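Q: Hi! I have just opened a structure that is new to me, and I'd like to talk it through. Could you pull it up so that we can look together?
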Amino acid sequence: MEGTKVLVIIDVQKAFNHKKWGERNNFHAEENIKKVLDIWRDKGWEVVHVQHLSEKPGSVFYYKEDGFSIKDIVAPLNHEKVITKTVNSAFIGTNLNEYLKSINTDKVVVTGLTTPHCVSTTTRMSGNLGYDTYLLSDATAAFGMKDHNGEYIDAETIHNLSLATVHNEFATVLNTQQFIKSIL
C-alpha cells in the first residue's frame, strides 16, 4: 500500500514581512507554495502548517502579535493540521513525526521560510528520519546575512548554498514546475 504524501508549509508567517530581515530573494515563494497547496487540496492529500511561536514580547513571532499569523495566501483550512514550534526544526518539541507515522507517510514535501533556518533544519531531520523528502527550491526564500567574519552574504547565495547542502543527502531539491511534472 502506498503511503501518504504530506505537504509541509513552514513558517509562512507575517513576521517575515518585518523590515528587520533586510534583503530577500525569491519573492514568488508564497505563490509557488500556493500552487502546490491548491493541487494538494484538490487531491485531498495531507497538509501540515508549521508556525514558529515565541513567548518573548518584542519578538516578531510573539504569539500575541500579528507577526505570528500565517499569511493569508496559504492560510490553513479548518481540517488541516497546524503545529507550533519554538526551535528551527518542526520535529523538535512537536508531534510531527508521530503524526506522519500515524497517517502512513512516505513522502514529505517541504516548503516555507526561511531556506537556511527552519526549512533546511526540518528537511535534514525529515531525511534522517527516513522520509522520502523533497524540498521545492522556489517555494522557499532566504534573507541576506553576515557570516562569522562579519562579511555580508546576499540572499540568493545563502539560498543556493542552503539548497546545495541538503540536495541528494537529505532530500531531492526540485523547483515547483519540476516537482509538479515529475512527481505529482
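Q: Let's start with Asn26. Where is its place?
A: This is a predicted model, and in it Asn26 sits in the loop between strand 1 and helix 1.

Q: And what is phi of Asn26 like?
A: The phi of Asn26 is near 45°, which is a positive value in a residue other than glycine. Most residues other than glycine have a negative phi.

Q: Buried or exposed, that Asn26?
A: Asn26 counts as buried because its relative accessibility is 18%, and buried means under 20%.

Q: Which other residue has a positive phi although it is not a glycine?
A: Asp11 is one of them, with a positive phi of about 50°. Asp11 also lies in the loop between strand 1 and helix 1. Its relative accessibility is 1%, so Asp11 counts as buried.

Q: Which residue does Asp11 form a salt bridge with?
A: Asp11 pairs with Lys85, and their closest N and O atoms are 2.9 Å apart. Lys85 belongs to strand 3 (residues 81–85) while Asp11 is in the loop between strand 1 (4–10) and helix 1 (29–43), so this salt bridge ties together parts that are 74 residues apart in sequence. Lys85 is buried, and so is Asp11.

Q: Nice. How many salt bridges does the structure hold?
A: There are seven salt bridges in the structure. One of them joins the side chains of Glu30 and Arg24, at 2.7 Å from N to O.

Q: Are those two buried or exposed?
A: Glu30 counts as buried because its relative accessibility is 7%. Arg24 counts as buried too, at 11% relative accessibility.

Q: What about Asp132, which residue does that one form a salt bridge with?
A: Asp132 forms a salt bridge with Lys107, and the closest N and O atoms are 3.3 Å apart. Strand 5 (residues 132–141) holds Asp132 and strand 4 (residues 105–113) holds Lys107, so the pair ties together parts that are 25 residues apart in sequence. Asp132 counts as partly exposed because its relative accessibility is 31%.

Q: Which residues are joined into one network by salt bridges that share partners?
A: Arg24, Glu30 and Lys71 are joined that way.

Q: Back to strand 5 for a second. What is the nearest side chain of opposite charge to Asp138?
A: That is Lys35, 6.6 Å away. Asp138 lies in strand 5, and it is buried yet has no salt bridge. A salt bridge needs the nitrogen within 4 Å of a carboxyl oxygen.

Q: So what does the side chain of Asp138 have a polar contact with?
A: The side chain of Thr176, in a polar contact of 2.6 Å. Leaving out residues up to four places away in sequence, Asp138 touches Asn26, His28, Ala29, Asn32, Asn175 and Thr176. Asn26, where we began, is on that list.

Q: New topic: which residues of helix 3 are buried?
A: In helix 3 (residues 115–128), the buried ones are Thr115, Cys118, Val119, Ser120, Thr122, Thr123 and Ser126. They pack against strand 1, strand 3, strand 4, strand 5 and helix 4 (155–166).

Q: And what comes just after helix 3?
A: Gly130 is there, with a positive phi of about 95°.

Q: Which peptide bond is cis?
A: The bond from Leu113 to Thr114 is cis, with omega near -15°. Most peptide bonds are trans. Thr114 is in the loop between strand 4 and helix 3.

Q: How about pockets? How much space lies in the largest pocket?
A: About 200 Å³. The largest pocket is lined by 14 residues, and Phe16, Trp21, Thr114, His117 and Cys118 are the closest to its centre. So Thr114, from the cis bond, turns up here as well.

Q: What gives the most to that lining?
A: Helix 3 does, with three residues.

Q: Last one: where is the place of Ile103, and what is it in contact with?
A: Ile103 is in the loop between helix 2 (96–102) and strand 4. Setting aside neighbours within four places in sequence, Ile103 is in contact with Thr4, Val6 and Glu46. Ile103 is buried, as its relative accessible area is 18%.

Methods
Residues are numbered from 1 along each chain as its sequence is written. This is a predicted model: local features need pLDDT of at least 70, side-chain atom pairs count only at pLDDT 80 or more; totals for chains, interfaces and linings use all residues. Side-chain values use heavy atoms; hydrogens and water are left out. Helices (H or I, at least four residues) and strands (E, at least two) are DSSP runs, numbered from the N terminus. Buried means under 20% relative accessible area, exposed over 50%, partly exposed in between (1.4 Å probe, protein chains only). Lys and Arg count as positive and Asp and Glu as negative; His and the chain ends are not counted. A polar contact is a pair of N or O atoms within 3.5 Å; within protein, one must be able to donate a hydrogen and the other to accept it, and residues adjacent in sequence count only if both atoms are side-chain atoms. Contact means heavy atoms within 4.5 Å. On a 1 Å grid over the protein atoms alone, a cavity is a set of points where a 1.4 Å probe fits but cannot get out, and a pocket is an open set with protein on both sides within 12 Å along at least five of seven lines; lining residues have an atom within 4 Å of a point. Grid points are joined across faces, edges and corners, and a volume is the space filled by probe spheres set on the points.
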